[in-house]
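Okay, hi everyone. I'd like to walk you through one structure today, so have a look at it while I talk.

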Amino acid sequence: MEHNFIYYILLLLTAYLFGSFPSAYLLMKLTRKQDIREVGSGNVGTLNVLRSSKSKSLTIVVLFLDLFKGWLPAWWVQQNFGADFLMIAAVVIGVLFGHILPVWLKFQGGRGLAVTAGALLVIEPALVAIWLVVFGIFFLLLRRHIIANMIATFLLPMIIYLAVNIYFETQILFLILPVCFIIFLKHLERLP
């Protein structure tokens, strides 16, 4: 189906707004009266909620909300537009930038893993599974989540490249390369 340029811009902006919903910030403010940007690592994400609140139930709620805010726009696009690659790319890029640069928090957000995973669970669940397996292996070996995250994020495009035309379409690689690059850079910021 042919779409006007305005469709893609509106979808990108809508996905950005979904991604920018400050789950971790709001739940920490409501339940702990803390600004998550001022505790722990300062990251507005799931792991910092766990470290700062010590609450597994609160952490699970934040993780679910972050996955959901990526999942819902991707699901909607898939239901209404099928496999239109530009629409899918607009959703993934939109939710990612919304999460890492939320307008509501002066563009100080999270690293984007959960929100991107939520969108990818709709678009290509195997990508999330591959990332989790690679992360799990390196976390067991190194016992450092940030390094394991970075390695898994770095290796995912390479794995997809090797599997293109066997399992994945080439378009997925063009989507994952910039997404992984952005997430990798957000992790790089956090290295000591």
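**Starting in the middle: helix H5**

The buried residues of H5 pack against H1, H6, H9 and helix H4, which covers residues 56-81. Before I go on, please keep in mind that this is a predicted model.

So, H5 itself. It covers residues 85-100, which makes 16 residues. From its first C-alpha to its last it reaches 22 Å, close to the 22 Å expected at 1.5 Å a residue. How many of its residues are buried? It's 12 of the 16, so H5 is largely enclosed by the rest of the structure. If you want to find them on your screen, the buried ones include Met87, Ile88, Val91, Val92, Val95, Leu96 and Ile100. There are also small residues on that list, among them Ala89, Ala90, Gly94 and Gly98, and His99 is buried too.

**Zooming out**

Now the whole chain. Which elements does it have? Nine helices and zero strands. Reading from the N terminus, you get α-α-α-α-α-α-α-α-α, which is easy to remember.

What about the overall dimensions? The C-alpha atoms fill a box of roughly 50 × 40 × 25 Å along the principal axes. For 192 residues, a compact globule would have a radius of gyration near 16 Å, and the chain has 16 Å, so that agrees. Buried residues make up 48% of the 192. On the outside, the chain exposes about 10,200 Å², and carbon and sulfur atoms supply 71% of that.

One more number for the whole chain. Take the contacts between residues at least 6 apart in sequence: 64% of them join residues at least 24 apart.

**Helix H7**

Next stop, H7, residues 125-142. It has 18 residues and reaches 26 Å from first C-alpha to last, close to the 26 Å expected at 1.5 Å a residue. In this helix Ala126, Leu127, Val128, Trp131, Val134 and Phe135 are buried. Look at the spacing in general terms: an α-helix has 3.6 residues a turn, so residues three or four places apart point the same way. And what do the buried residues of H7 pack against? That would be helix H6 (113-123), helix H8 (145-163) and helix H9 (170-188). Right after H7 comes arginine 143, and its phi is positive, near 60 degrees.

**Helix H1 and its surface**

Let's go back to the start of the chain. Phe5, Ile6, Tyr7, Ile9, Leu10 and Leu13 form a nonpolar patch on the surface, with about 600 Å² of accessible area together. Take isoleucine 9 from that patch: it lies in helix H1, residues 5-19. Is isoleucine 9 buried or exposed? Somewhere in between: at 31% relative accessibility, it counts as partly exposed.

Phenylalanine 18 is in H1 as well, and it is partly exposed, with a relative accessible area of 33%. Here's the fun bit: phenylalanine 18 and glycine 70 are 52 residues apart along the chain, yet their C-alpha atoms are separated by 7.3 Å. Leaving out residues up to four places away in sequence, phenylalanine 18 touches Lys69, Leu72 and Pro73.

**Two salt bridges**

Lysine 69 brings me to charges. In general, side chains of opposite charge can pair when their charged atoms come close. How many salt bridges does this structure hold? Two. One joins lysine 69 and aspartate 66, at 3.3 Å from N to O. Those two are three residues apart in helix H4, which means they're separated by about one helical turn. Both lysine 69 and aspartate 66 are buried.

The other salt bridge joins arginine 37 and aspartate 35, with the closest N and O atoms 2.8 Å apart. Aspartate 35 is buried, with a relative accessible area of 10%, whereas arginine 37, at 22%, counts as partly exposed. If you wonder why 22% isn't buried, that's because buried means under 20%.

**Last one: threonine 59**

Threonine 59 also lies in helix H4. At 10% relative accessibility, threonine 59 counts as buried. Which residues is it in contact with, leaving aside neighbours within four places in sequence? They are Thr46, Val49, Leu50 and Ser53.

That's my tour, thanks for listening!

Key
Residues are numbered from 1 along each chain as its sequence is written. This is a predicted model: local features need pLDDT of at least 70, side-chain atom pairs count only at pLDDT 80 or more; totals for chains, interfaces and linings use all residues. Side-chain values use heavy atoms; hydrogens and water are left out. Helices (H or I, at least four residues) and strands (E, at least two) are DSSP runs, numbered from the N terminus. The expected span of a helix is 1.5 Å times one less than its number of residues. Buried means under 20% relative accessible area, exposed over 50%, partly exposed in between (1.4 Å probe, protein chains only). Contact means heavy atoms within 4.5 Å. Patches are made of residues with over 30% relative accessible area and no salt bridge: like charges are joined within 9 Å, nonpolar side chains (Val, Leu, Ile, Met, Phe, Trp, Tyr) within 5 Å. Accessible areas come from the Shrake-Rupley method with a 1.4 Å probe; for residues, only the protein chains shown count as cover. A salt bridge is a side-chain nitrogen of Lys or Arg within 4 Å of a carboxyl oxygen of Asp or Glu. The radius of gyration is taken over C-alpha atoms; the globule rule is 2.2 Å times the number of residues to the power 0.38.
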